[in-house]
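I sat down with a new structure today and kept notes as I went. Here they are, in the order I looked things up.

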Amino acid sequence: MTTPHPPTVASPVPDRRRQACGAGERAGAWPPVLGALAVFTSPGRLQDTGLAAAANDLLAAERSQQTIEHLTRRRPGLTIEDAYRIQWTNIQQRLVHGARIAGHKVGLTSLAMQQQIGVDQPDSGVLLDDMLLPDGSTLPLDQLVMPQVEAEIAFRLGSDLHGPDVDAPTVRAAVGEVLLALEVIDTRYGDWRMTLQDSIADNAAAARVVAGPQIALSAGLDLDSEQITVRVDGEVVVSAPGSAVLGGPLNSVVWLVRQLDRYGAGLRRGDLVLAGAVHASLPLHPGTVIEASSPHLPPVSVRAV
């Protein structure tokens, strides 16, 4: 998928329905994949030095595999919008250094995950091409800080999705393929108890994604009742249905599209979208093999080293 160059932090705030397009995009063409970058990082070019410092600290912590203090402890008044501004500022920096947007993730969608972290609503993050791993990969844990793993239903979009009125049937019609995925999440804070703002700023803990084989989303496939089973070294450790994710994984994508629309952005054909974990995340240890399977979707696995 070709990703246009992001607007610079100095870009003026565009109208949310007429975002400035990056290089290679026809002026006025929808969707403005990176239009949200300009919204989140302007006006003022992150003149708030606290937000700029937070963005830099998170990026440095990820690169050095070090931990930092929770942002909301340093800045108790941090808003959700501020947190997304920090997230997209760091995404922009990674794009400048050669990464490309591969899709999006919805996090904190199941009650189990919300209770584990300590929040009461979902959030979203951006997936980059350097986060993606093929099925059966070996995952080096020494590149991460406090990695954990989640099993999810994921989608490959066959057409664009945008707008405030998207519903589950619209999402289903836009899906090209469906698959199982293992998302490896990581935190740069040193523990997994945090506020929603902390999670958002840290790109919703996105670290790696192991994508399983894709199949067409057939009309008869009931994703809400699809039971996902996770095995660690061959032993079943958790099993939960797709309905554990906001009542169904398509609902998760509805939430994501409406959330992105608030900032003038949306999803594009070819995007990989993770609908969220159906269970509380599991710790990763060297030498273990994690596999997710379900009755109608091909299994996916990864080996941690």
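What follows covers confidence, then one sheet, then the empty spaces.

**Entry 1: how far to trust it**

I started with confidence, since this is a predicted model. The mean pLDDT of the protein chain is 83, and 84% of the residues reach 70 or more. Then I checked the start of the chain. Over residues 1–46 the pLDDT is below 50. I still found 94 contacts for that stretch in the model, beyond near neighbours in sequence.

**Entry 2: an open sheet**

Next I looked up a sheet of five strands. The sheet is open, its order is 4-14-13-9-10, and the pairing is mixed. Which strands stand at the edges? I found strand 4 (137–139) and strand 10 (235–241) there. Each has a single partner strand, so one side of each is left without a neighbour in the sheet. I also noted the turn between neighbouring strands, which is 20 degrees on average, ignoring direction.

**Entry 3: walking across the sheet**

I began at strand 4. It runs parallel to strand 14 (residues 300–304), and three bridges join the two. One pair I wrote down is threonine 138 with its bridge partner in strand 14, arginine 303.

Then I moved to strand 9 (residues 227–232). How many bridges does strand 9 form with strand 10? I got six, with the strands paired in the antiparallel sense. Strand 9 also pairs with strand 13 (residues 289–293), again in the antiparallel sense, over four bridges.

Arginine 231 was a handy landmark here. It stands opposite valine 236 in strand 10, and opposite glutamate 291 in strand 13.

I took a look at the hairpin of strand 9 and strand 10 as well. Two residues lie between the strands, and aspartate 233 takes a positive phi near 55 degrees in this hairpin.

**Entry 4: closed spaces**

I went looking for cavities and counted three of 30 Å³ or more. The largest holds about 110 Å³ of space. Its lining has 13 residues, and Glu62, Asn90, Arg94, Asp202 and Asn203 lie nearest its centre. Helix 2 (49–64) and helix 4 (80–96) are the elements that give two or more residues to this lining. Which element gives the largest share? I found it to be helix 4, with four residues. By class, I noted six nonpolar, three polar and four charged residues around the largest cavity.

The second largest cavity has a volume of about 100 Å³. Of its 13 lining residues, Leu108, Met113, Ser199, Ala204 and Ala205 are the closest to its centre. Strand 1 (101–107), helix 5 (111–117) and strand 6 (175–185) each give two or more residues to that lining. I sorted the lining of the second largest cavity into eight nonpolar, two polar and three charged residues.

**Entry 5: the largest pocket**

Last, I checked the largest pocket, with about 180 Å³ of space. It is lined by 13 residues, and those closest to its centre are Glu62, Arg63, Arg94, Asp130 and Arg208. Two of these names were already in my notes, as Glu62 and Arg94 also lie among the residues nearest the centre of the largest cavity. Helix 2 and strand 7 (206–211) give two or more residues to the pocket lining, and helix 2 has the largest share with three. What classes make up the lining of the largest pocket? I wrote down five nonpolar, one polar and seven charged residues.

How values were computed: Residues are numbered from 1 along each chain as its sequence is written. This is a predicted model: local features need pLDDT of at least 70, side-chain atom pairs count only at pLDDT 80 or more; totals for chains, interfaces and linings use all residues. Side-chain values use heavy atoms; hydrogens and water are left out. pLDDT is the predictor's confidence in each residue, from 0 to 100. Contact means heavy atoms within 4.5 Å. Two strands pair if DSSP finds at least two bridges between them. Axes are lines fitted to C-alpha atoms, for helices over the stretch in contact, and angles run from 0 to 180 degrees between N-to-C directions. On a 1 Å grid over the protein atoms alone, a cavity is a set of points where a 1.4 Å probe fits but cannot get out, and a pocket is an open set with protein on both sides within 12 Å along at least five of seven lines; lining residues have an atom within 4 Å of a point. Grid points are joined across faces, edges and corners, and a volume is the space filled by probe spheres set on the points. Ala, Val, Leu, Ile, Met, Phe, Trp, Tyr, Cys and Pro count as nonpolar, Asp, Glu, Lys and Arg as charged, and the others, Gly among them, as polar.
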